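Let's take a walk through this protein together, beginning with a sheet and moving on to cores, rings and cysteines. Keep the structure open beside you as you read.

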Amino acid sequence: MAKKKGNNRKKKPSQARKNSSGARSPPLDPSSTVCKFYAEGKCRNGDDCKFLHSDAKPVAATATSAAPEAAADALPLGLANSISLFTPAQQTLATQLCNLPGTTNQRHLFEKWSPDGNDDKKKALIAKLELVDQSYPDGGLTGYLSNAIALLEKSRRGENPLEGWIPSVPKGEAFEVGSDAFLSTEQLGLKEVGKCGFVLVAGGLGERLGYGDIKIGLPTELATGTSYIQFYIETILAFQSRYAEPGKKLPLCIMTSGDTNAKTVALLSANNYFGMEKDQITIVQQGQGVPALYDNDAHIALDTEDPYDIQMKPHGHGDIHALLHSNGVAKAWQSQGMKWTVFFQDTNGLAFHTLALSLGVSSKMGLIMNSITCPRKAKQAIGAITKLTKGDQQKTMNVEYNQLDPLLRATVSPEGDVNDESGFSPYPGNINQLVFNLDSYVSILERTKGVMPEFVNPKYADAEKTVFKKPTRLECMMQDFPTVLQGAETEKVGFTSLASELCFSPVKNATVDGVALQRNGTHPGVAASGEADQNSAVARILRSIGCQVEEGSKVTFNGIEVTSGPDCVLKPSFAACATEFKTKFPNPATVKISGRSSLVLSGQGLTIESLDLDGAAVIECEEGASGVIRNLTVKNRGWVKEPNASSDVEIIRMRGYDMRRLETEKIVFKKDGSIEGNYGMKATPKDSVALKKEIVPVAPEDTVQKTVVSKSVPVPPADLTKSAPEEKGGEQFCNGCTIL
């Protein structure tokens, strides 16, 4: 009888598996390998299967993980042949990506790899993937892809994240500059200013603006050439000198990106940190971004021209919270006795007009988080601070304008977002400037690690929502912090509102884009408007305390319409808020400034008692000196903005004009008690006359250009108030510009 085959068959000795290149590989690690039968719907072992099923997460890779040549027989040929190039942790990561369940695997990243060669490019790609894996706070790279799949599916189904939430007007306070309520609240806030840590979210380059360097290096205005970072630091130092306890330094943290980090460090170093101590400044660098995704299965998009690279996109400024936590910044500030944390962005020259005011509101209302806002018209294209309620849950947060109106219509108001009796929507506009109570902030960071909720916004090319017009990515925003609050914390969120003309004028657009925006009734957000708004805000505050400040006419440069003047530059060392303006101008009714004038004031010891200005004046008071301007009348040719759209100097070309200094009255109060310039204190109201003018135009144009512009390590802008030879040709100076 023939013997039965099968049961009595002699077992062969166990053999090591071979990968696709013929090399022997160790056994698969069940803790990091997805069951291929489960992915095909054929696994019969259920929960008893020793390999991972799709609802289980792979064990996170570490540098001590076993080298995963184990799964090399499942890897694309180019990767399998190159696996020995990588560290054990990198091998584990590559294998995990290839073995993700079903259609979500990332094998395509390696399928175009050549079996040999291009080793450096292969290493670079794996290193980039590993860096994302290490920097993404919620489960590494595989966690990012898992989160993306879930959010992309919700987007495909059209799920509304606000479904079931009922909107209502949030708590907060709105102010008119110079009012009793404004001044009393600001004075309350000034008691808190000396206990603040400041966070500057500055990850951007100026390329979009036509500027070849970092945005914080841009000059806020041409009258003094002060850059944004210099202006911010000088303001913080002014508050520190006047309101902080003796010896206490107010810290500044700057969030940079890979593109801006080295340039930011160089700019600060080259300028001796603009007067700050080096240890006052902490720089935290945002990661290189997150992978772009090209379909609903969250497949990572390869570079269109290089199969050995992937497309990366910014993850958003919401990363700042995780960075402040992981770098120990917030906790260190807490230990230094700071009470508040103030967030502001890189190119808003009006940012600090609301600082003391918002601190006063936070102090009065006991807020954990206070959003600085401006009045917005109903349906205006700006996010709105809104209180949302669902059952016993509540949160006060930013709601995008295109979500707010339909939400209101579907819940509490058939008319949607409409203006109230003030002429504005009751839902104030968010400008992404935030104030946090530091103790609460640190406690919440400890609980959440600073991880903000993400969202995805793919642009679909088909009605079925299966094809993207271009790759998308997950994003997070720093203003979404209220979504991680719990219990009673959610009740301690509010807003402080002030007219946008006084608190919000970002410089973020190229001139051509700004022209189109302004034509449609939207703020252009360009360099010319930023400078004009900064001068205009100072003029508004001066008017609010009783000074007689005319408004200049409207002029157009490069298609952007702005108010021509007056150019009022009050350095922070002179005054930094409305309350200080009142002190510095004790008799405001005797201060007159024409609409064509330019005025630069600096120095803590300077006071302006009476001034009649029709032209240009630069008045300085050295540190340690004191000086009073009384009965001074200045009338000269002043400074004019001359159209110049084709200048070789970027900061001129992007504005569309240059500042031509024709005649300047300059006065300097010296520490030794002397006064530089034609000014004496013996004049009285009875015999006060216009003084002889000191003509102080700037250096020739080519000299200024060489000083301001830097293509490598930034240098401080030229001091545009220094003396130079008088400009000749009184009838030829305007060259076609509008003279007021």
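A good place to begin is an open sheet of 4 strands, which pair in parallel in the order β20-β24-β27-β30. Strands here are DSSP runs of E with at least two residues, helices are runs of H or I with at least four, and both are numbered from the N terminus; two strands pair if DSSP finds at least two bridges between them. At the edges stand β20 (548–549) and β30 (632–635), each with a single partner strand, so one side of each has no neighbour in the sheet. Further in, β24 (residues 591–593) and β27 (residues 611–614) are joined in the parallel sense by 3 bridges. If you look at I593, you will find that its bridge partner in β27 is L613. As background, the strands of a sheet pair through backbone hydrogen bonds, either parallel or antiparallel.

Before going further, please note that this is a predicted model, in which local features need pLDDT of at least 70 and side-chain atom pairs count only at pLDDT 80 or more, while totals for chains, interfaces and linings use all residues. Residues are numbered from 1 along each chain as its sequence is written, and side-chain values use heavy atoms, with hydrogens and water left out.

Now step back to the whole chain. It holds 19 helices and 34 strands, and of its 740 residues 52% count as buried. Buried means under 20% relative accessible area, exposed means over 50%, and partly exposed lies in between (1.4 Å probe, protein chains only). Among contacts (heavy atoms within 4.5 Å) between residues at least 6 apart in sequence, 70% join residues at least 24 apart.

Next comes the interior. A nonpolar core is a set of buried Ala, Val, Leu, Ile, Met, Phe, Trp, Tyr and Cys residues joined through side-chain atoms within 4.5 Å. The largest one has 97 residues, and F198, L252 and F481 touch the most other members. Helix α7 (residues 228–243) gives the most to this core, with 8 residues. Apart from it lies another core, of 42 residues, including F182, L357, L613 and A625. L613 is thus a residue you have already met, as the bridge partner of I593.

F198 also brings us to the aromatic rings, since it belongs to one aromatic cluster with Y228, F231, Y232, F344 and F352. Rings of Phe, Tyr and Trp (its six-membered ring) pair if their centres lie within 6.5 Å; planes under 30 degrees apart count as stacked, over 60 as edge-to-face and the rest as tilted. The structure holds 20 aromatic pairs. In one of them, Y232 and F352 meet edge-to-face, at 5.9 Å centre to centre with 65 degrees between the planes. Y232 lies in helix α7 and F352 in the loop between β12 (340–345) and α11 (355–365), so this pair ties together parts that are 120 residues apart in sequence. Both Y232 and F352 are buried.

Rings can also have a charge over them, which here requires NZ of Lys or CZ of Arg within 6 Å of the ring centre and within 35 degrees of the ring normal. K395 lies over the face of W165, 4.4 Å from the ring centre, and the charged end of R661 sits over W639, 4.9 Å from its ring centre.

Finally, how many disulfides are there? With a disulfide taken as a pair of cysteine sulfur atoms within 2.5 Å, the count is 0. For C547, the nearest cysteine sulfur is that of C568, 9.3 Å away. C547 is buried, at 6% relative accessible area, and C577 is buried at 3%.
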